[in-house]
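Visitor: Could you take me through one part of this protein up close, and then show me how the rest of the chain sits around that part? I'd like to follow along on the model as you talk.

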Amino acid sequence: MNINQDHPPKWAHSFLLWFLKDELIEEVEGDLLEKFERQVEMTSLRRAKLHYWYQVFNYLRPFAVRGNWFSQFISYAMLQNYLKVAWRNLLRHKMYTFIKIGGFALGIAACLLIALFIQDELGYDDHYEEGDRVYRLINRDDSQGEIMKWTAFQAPIAEVLTKDYPEIEKVARLIPYNWFNAGSNQFRPLSAEENNHETTFAYADPELLDILEIPMVYGSAENALSEPNHIVISQKIADKYFPGQDPVGETVILNEELDRPFKVGGVMEDFRADMHLKHDFLITLEAVEFWPGEQASWCCSNYNTYLLLKPGASPKELEQKLLAVRDNYMVPFFKAQNNQGADEIAMHHSFQLQPIQDIHLHSKGIGDYYRHSDISIVWLFGGIAMLILLLAVINFINLSTAKSANRAKEVGLRKVVGSFRINLIRQFLTESILFSLLAFLLGLVLASAALPFFNSIAGKSLVLPWVDWRFYPILIGSLLFIGLLAGLYPSMYLSGFKPIQVLKGSLSQGSKNKQLQGTLVVFQFSISVILIISAFVVSRQMNFILNKELGYEKEQVMVLHGVNTLGEQLPTFKEQLLQLSAVQNATASNYLPVSDAKRDQNEFWKEGKEQEELGFGAQIWVVDEDYIPTLDIQIAEGRNFSRDIAGDSTAIIINQQMAKKLGFDDPLGKRVTNGFRPPFTIIGVMKDFHFESMKGRITPLCLELGQDVPASLSVKLEAAQVGTAITELSSVWEAFLPNQPIRYTFLDERFAKMYEGVERTRKIFTGFSLLAIVIACLGLFALSSFMVEQRKKEVSIRKVLGASTASLFQLLTRYFLQLVCIAFIIAMPIGWYLMHKWLEDYTYPVDISWDIFLIAGGATLLIAILTISFESLKAAINPPIDNLRSE
């Protein structure tokens, strides 16, 4: 064992020595150290340290704990008395008890839910034994005045890294994109007749199974992808197609390509929910070449690359060494092609190693296939949790100090009979911890009840960790900390009363701490107003995105999947569909303006300028002649494709952004090239439309007329006949593909799915904003009720002297409404600034207009008025005699 590093956790050892009896220390230390060393050898240092903590907590038992450590703080008899008094006070003031505990419980439940969410987000890709040595390779380029990052590399990258860098233990490539057989396919075992549409296919090197420590159910990681045309399937897929069998060696067919079968090389466990990878099928890259010479060429970037470094290797040093890949391979290749971008690559291109644990939360600005969360979301929700809990603590402080007059005589009498201030502080802290205990118990119940609903909104499968022993010390520690935090100021304040003042009755009019209460109420409602403003802005931005004119028609467009198995029958199938009354148009293409569709990025130049000018990147999509009319894309200049014009086989239609990049005044008839195809002739310019997330700008795009058989067919339906259309389409499908169930999606649903993460954030944000308002209003209601109670006689006297109900209502509510207005004035600039920063992520942000603040302020003021009106109106309307009988 390395004595410099492999030692028990320092804090756990110190805690053990603090509470353990002296006569047991030597024996227990030796015993725990032996267990710790065995755990390090059998598992890992991290697990050994966790187990050590567990053993320490196991010794928190009467036989092992020092006998007088607790009694030095407080005697059991005194504790019993404190709890009895606290319980009586709790039952005597039921409304205030309900608000204290209820507000606390709501805050704790919210914190628990958000803590589970944050723990899940932070736990992505954190389960690997060698996770500290696993990295993803990133391209970095700053040639355009901004830093661009992406994950796709050229095919030879794995061979070069393995050969030239001894500090790299293993390299594996992965193609997760919708490309060749990666993405989605029609799938069936050879022995079955029916095809099924399956997704999440990816190409992978055999080494990926080892680098990502993917457990195998059948077969071995060493051999599962080691031979050509091998495929690894997940346990879920194995159970679906080969129930109760070991499918290793079985043959499966993709897309009815009987001349190219695949053999199942292994079955892997289903990918964990907390992995950034989401694949049920891995197709081997062994002996794969997508076109002649592809595996040796540095022209095209299609491979994500994962590295396992050797122990002790420095990622930062390796990043510098990797520049040799640029200088020795990439730059010479492009110079040999006379590509003017070679010098730009030499000056501005570099590499970055991204730890695998960072991929889920720290991939903002990195172009890759996967949907990620963002660390800012974690910070945002963590901040909201703390604010909600703080609002509940403020309620407790406000109500405790506001009710000080009710406890003043108790404090005075205790001091007269000899109680010290420290004893009173202990008493009030004990009461606070009792409130905290009850609130935590109720909060756990509320969190358990709300968890299914929260999961449905957040898209998670969170559970309360009842079986994890670490949950309980954290819970107890939080209970004590929050109880002490909430009770500290009230205990100091209440214990400071002078007996002589109390017994003379000088505190009979209630708390003198009105300024502090007002400040805390302003703080509470400032937070609430900021959250309301934020919720309004987020909702408005989402509505703008989902309803903005996109430049194409996404409504009533049904996308049929798996039509590639039709082969030469596809044109006939399409014609049959066009004869249906509910079908307006149809187009066959894998390329659609939603982010999960197929993409193909090429570099383009004006014809003849390849060796003189820098190229630029543009998407090139293969479509048919009905693509533009089906999606209602507008042509700004020129014309659409036509099968009747032979020259259209080498024609393209570009968008306005590509026209700007090319710099043509009149692009029609001009020719462009991508360097490895015959030049294209521009026959049309379409208006720009949004084909990626609206967080980014519209980029160059061109369409070409294709001859291949795509996997998707998009059908534009009559709005009033969608239900009929589905039935009729299913009948036509059954006639052509009886052994393949129909599968379809709608384009508008796939568009909305692009913004699932933002929509979930909006719902969670709005929900917790409303919860914050509820907690703040509970406190306001209790405070206003208490103030009304204290001023009942004053109100009655004023009424006897002729005061109107309206003037009395104004008297009782004015102070609190002033506080809410001050809170609104403070919250406005803060809310505007925070939302302005959030909207910077969007290329097309909404305006933060004055009506948002008007609605937020009006809503807050209305809620506050309704909150304080009940008791105020009741006091103003009641007959004066009810409060003056005893005078």
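Guide: A quick definition before we zoom in: a disulfide here is a pair of cysteine sulfur atoms within 2.5 Å. Keep in mind that this is a predicted model. By that cut-off, a search of the whole structure turns up 0 disulfides. Take C777 as an example: its sulfur is 14 Å from the closest cysteine sulfur, the one in C821, so that pair is too far apart for a bond. C777 is buried, at 10% relative accessible area. C299, on the other hand, is partly exposed, at 37%.

Now for the close look, and my pick is helix 21. Helix 21 runs over residues 722-736, which makes 15 residues. From its first C-alpha to its last it reaches 21 Å, close to the 21 Å expected at 1.5 Å a residue. Which residues of helix 21 are buried? They are A725, L729, V732, W733 and F736. These buried residues cover an arc of only 100 degrees around the axis, so they sit on the same side of helix 21. Turn to the face pointing away from that buried side and you'll find the exposed residues G723, T727 and A735. As for what covers the buried residues, the list includes strand 15 (557-561), helix 18 (570-578) and strand 24 (712-717).

Strand 15 gives us a handy way out of the helix. In the loop between helix 17 (514-547) and strand 15 you'll meet Q556. Q556 has a positive phi of about 55 degrees, although it is not a glycine. Most residues other than glycine have a negative phi. Q556 is partly exposed, with a relative accessible area of 26%. T200 also has a positive phi without being a glycine, at about 60 degrees. T200 is found in strand 6 (residues 196-204), and at 24% relative accessibility it counts as partly exposed.

While you're in that part of the sequence, have a look at H230, which is in strand 8 (residues 230-234). H230 is buried, with a relative accessible area of 8%. The side chain of H230 reaches the backbone oxygen of A224 at 3.2 Å. Leaving aside neighbours within four places in sequence, H230 is in contact with a set of residues that includes N223, L225, F262, K263, L282 and I283. E222 lies in the loop between strand 7 (216-218) and strand 8. Unlike buried H230, E222 is exposed, with a relative accessible area of 55%. If you want a ruler across the model, E222 and I366 are 144 residues apart in sequence and 31 Å apart in space, C-alpha to C-alpha.

Finally, zoom right out. The chain has 27 helices and 25 strands, and its C-alpha trace spans about 105 × 80 × 55 Å along the principal axes. Of the 887 residues in the chain, 50% are buried. Among contacts with a separation of 6 or more, 79% are between residues 24 or more positions apart. The accessible surface comes to about 41,600 Å², and 56% of that belongs to carbon and sulfur atoms.

Technical notes. Residues are numbered from 1 along each chain as its sequence is written. This is a predicted model: local features need pLDDT of at least 70, side-chain atom pairs count only at pLDDT 80 or more; totals for chains, interfaces and linings use all residues. Side-chain values use heavy atoms; hydrogens and water are left out. Buried means under 20% relative accessible area, exposed over 50%, partly exposed in between (1.4 Å probe, protein chains only). Helices (H or I, at least four residues) and strands (E, at least two) are DSSP runs, numbered from the N terminus. The expected span of a helix is 1.5 Å times one less than its number of residues. The arc is that of the directions from the helix axis to the C-beta atoms. Contact means heavy atoms within 4.5 Å. Accessible areas come from the Shrake-Rupley method with a 1.4 Å probe; for residues, only the protein chains shown count as cover. A polar contact is a pair of N or O atoms within 3.5 Å; within protein, one must be able to donate a hydrogen and the other to accept it, and residues adjacent in sequence count only if both atoms are side-chain atoms.
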